[in-house]
Amino acid sequence: MLWSLIKIVLFVAVVGALAWGAGFLLESQGGVQLTLLGTEYSFGPLQSVIAVIVLLLAVWVLLKILALLLAVWHFLNGDETALTRYFDRNRERKGFEALSEGLMALASGEGKVAMSKAAKADKYLNRPALTNLLTAQAAELAGDRHKAEETYRKLVADEATRFVGVRGIMKQKLAEGDTETALQLAEKAFALKPKHEETGDVLLRLQAEKEDWAGARKTLSMKLKNGQLPRDVHKRRDAVLALSEAREVFAEGNDIEAREEAIEANRLSPDLIPAAVMAAQGYIAQNKPRYAARVLAKAWSVHPHPDLAAAFAAIEPDEKPAARIKRFAALTKSQPGHPETKMLQSELHIANEDFPAARRALGKLAEEDPTARSVTLMAAIERGEGASDTIVKGWLARALTVSRGPQWICDNCQHIHASWKPICENCKSFDTLAWKTPPMSEVAMPGGVQMLPLIVGTADDQAGADGAGKIATRSDIEDVDLIVEGDEPRAEEDKQASS
């Protein structure tokens with residue numbers, strides 16, 4: 001409100017001043033006399049003021065005409081002028097509009113539209129780093145690999161965009177299956193930008209696929225140094241690489257170096273089952289059974305596994321079943337409620353022909369958490385206690401439909417492997433195998449439960465069972481490995497067959 005009042009007062013004051021000045025000029029005497037080429041011109045006070053204003057306007061117009069003529073001269077001479085800047089701004093506006101439309105088309109999956117917009121942006125803009133990148137990605141989306149690779153090579157030529165170009169060509173070679181060239185490009189891209197996490201992962205995977213374990217360990221160390229990996233994950237993966245390197249050295253016949261690498265892998269990750277097994281084998285070869293037993297017991301306390309039990313049995317391969325049960329107490333005292341511990345104890349008692357103890361050790365595992373292994377163990381226990389063929393066949397028939405138990409499964413693609421490997425055979429991912437039970441799928445059997453008597457047998461079959469039938473059942477049981485190590489079960493079963 002106050003400001004409005006002030007503006008009104010100022011306006012009135014200015015109008016009053018102008019009116020006073022005009023009145024003063026009209027009442028004033030004299031004026032301005034100007035002699036030009038012998039002619040004298042006389043101006044009154046008001047006319048003099050008007051003449052000065054007209055003169056100033058004429059000078060201003062003259063200066064503008066001179067500036068325009070000078071600008072036209074510079075324009076014709078090729079110099080930068082306001083006119084060229086106007087045209088440049090117009091071209092830049094059109095170029096960025098085309099670039100924006102191309103990015104939107106690329107995001108929406110319209111490859112050909114994005115390529116045309118990229119060409120238009122390249123026409124108006126002098127920004128090859130932007131337009132070439134859009135062109136390359138649009139060509140990839142449109143399926144024009146040749147155009148994409150050609151454009152990526154242009155990016156490689158510029159130092160500012162070299163990493164983008166190398167990475168783009170690397171992805172092209174990976175899509176084509178040319179892993180040799182992709183590995184070289186990944187090494188170059190990682191050298192240009194070692195903190196780029198995706199490039200480091202690709203390089204690590206390619207080095208592992210090519211079994212360049214030493215190079216993979218260097219890449220892993222760089223990822224740890226750059227803060228891209230937690231320290232515990234680095235230790236685990238470094239152990240996997242050390243174990244893989246040890247297995248390769250062992251295959252070449254250099255036992256000493258292989259043992260050292262295996263022991264190093266076990267030191268880095270004591271819970272890595274293959275590393276513990278290989279380290280134990282190395283200690284056994286060095287005639288250090290206590291070290292081997294200590295390594296295996298520590299791994300068993302973390303994750304019981306059949307391979308650990310097999311390696312523990314190999315420490316004393318010629319011992320008697322009773323002595324083996326006593327020695328295995330050092331292993332089975334940890335994780336006593338684990339299914340693997342129960343099945344191991346049951347197998348040891350079967351080898352010792354103590355079938356009631358084997359049944360007690362197995363407990364209700366075959367009923368509450370049945371697997372092919374635990375159910376087969378029950379078949380062996382029933383046979384050892386003199387059960388009928390019908391009961392034994394019933395357990396063996398059940399083994400066809402229950403879970404196979406834990407296996408080496410890739411966490412990434414769920415592919416099942418027969419043995420542990422550092423790289424998944426299916427999806428080529430690194431260090432993704434875990435010992436776990438696969439998802440159970442239903443088994444469709446012809447005729448459903450109507451087929452069961454054909455497998456198990458009936459009461460009449462039991463009454464008419466002869467020696468040949470018993471031999472067939474014994475053969476079925478022999479197909480399954482019942483103990484950890486040694487030839488004791490074969491002798492045990494031969495003894496039962498003769499009795």
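Biologist: Why is D201 called partly exposed, rather than buried or exposed?

Modeller: In this predicted model, D201 has a relative accessible area of 35%, and because buried means under 20% and exposed over 50%, the value of 35% makes D201 partly exposed.

Biologist: How do you know that D201 forms a salt bridge with K223?

Modeller: The closest N and O atoms of D201 and K223 are 2.7 Å apart, and since a salt bridge needs a side-chain nitrogen of Lys or Arg within 4 Å of a carboxyl oxygen of Asp or Glu, the pair is counted as one. This salt bridge links distant parts of the chain, with D201 in helix α9 (residues 197–209) and K223 in helix α10 (residues 213–225), 22 residues apart.

Biologist: And what makes K223 buried or exposed?

Modeller: The relative accessible area of K223 is 0%, and buried means under 20%, so K223 is buried.

Biologist: What makes R373 and E340 a pair that ties together separate parts of the sequence?

Modeller: R373 forms a salt bridge with E340, with 2.6 Å between the closest N and O atoms, a value to be set against the limit of 4 Å. R373 lies in helix α20 (residues 372–384) and E340 in helix α17 (residues 339–351), so the contact ties together parts that are 33 residues apart in sequence. As for their surroundings, R373 counts as partly exposed at 24% relative accessibility, whereas E340, at 6%, counts as buried.

Biologist: Which residues are joined into one network by salt bridges that share partners?

Modeller: E149, R153, K173 and E176 are joined in this way. Within that network, the side chains of E149 and R153 meet at 2.8 Å, N to O, and both residues lie in helix α6 (residues 145–157), four residues apart, about one turn of the helix. E149 has a relative accessible area of 15% and is buried, while R153, at 49%, counts as partly exposed, because exposed would require over 50%. A search of the whole structure finds 21 salt bridges.

Biologist: How many disulfides does the structure hold, and how do you know?

Modeller: The structure holds zero disulfides. The sulfur of C413 has its closest cysteine sulfur in C424, at 3.5 Å, too far for a bond, because a disulfide is counted when the two sulfur atoms are within 2.5 Å. C424 is likewise in no disulfide, its nearest cysteine sulfur being that of C413. C413 counts as partly exposed at 25% relative accessibility, whereas C424 is buried at 1%.

Biologist: Why is W60 called exposed?

Modeller: W60 has a relative accessible area of 52%, and the word exposed is kept for values over 50%, so W60 is exposed. W60 has its place in helix α2 (residues 45–77). It also belongs to a nonpolar patch on the surface, formed by L55, V59, W60, V61, L62, L63, I65, L66 and L69, which together have about 900 Å² of accessible area.

Biologist: Which residues of helix α18 are buried, and how do you know that they line one face?

Modeller: In helix α18 (residues 355–362), the buried residues are F355, A357, A358, A361 and L362. Seen down the axis of α18, they fall within an arc of 155 degrees, so they line one face of the helix. Just after α18, G363 takes a positive phi of about 65 degrees.

Biologist: What makes β4 and β5 the edge strands of their sheet?

Modeller: The sheet is open, with three strands in the order β4-β3-β5 and antiparallel pairing. The strands β4 (416–417) and β5 (433–436) each pair on one side only, and are the edge strands.

Biologist: How do you know that β3 and β4 are paired?

Modeller: Two bridges join strand β3 (residues 407–410) to β4, and the two run antiparallel; because pairing requires at least two bridges, these strands count as paired. I409 has its bridge partner in β4, namely I416.

Biologist: What makes E382 buried or exposed?

Modeller: E382, which lies in helix α20, has 12% relative accessibility and so counts as buried, the limit being under 20%. E382 and W395 are 13 residues apart in sequence, and their C-alpha atoms are 8.9 Å apart in space.

Definitions and conventions:
Residues are numbered from 1 along each chain as its sequence is written. This is a predicted model: local features need pLDDT of at least 70, side-chain atom pairs count only at pLDDT 80 or more; totals for chains, interfaces and linings use all residues. Side-chain values use heavy atoms; hydrogens and water are left out. Buried means under 20% relative accessible area, exposed over 50%, partly exposed in between (1.4 Å probe, protein chains only). The arc is that of the directions from the helix axis to the C-beta atoms. Patches are made of residues with over 30% relative accessible area and no salt bridge: like charges are joined within 9 Å, nonpolar side chains (Val, Leu, Ile, Met, Phe, Trp, Tyr) within 5 Å. Accessible areas come from the Shrake-Rupley method with a 1.4 Å probe; for residues, only the protein chains shown count as cover.
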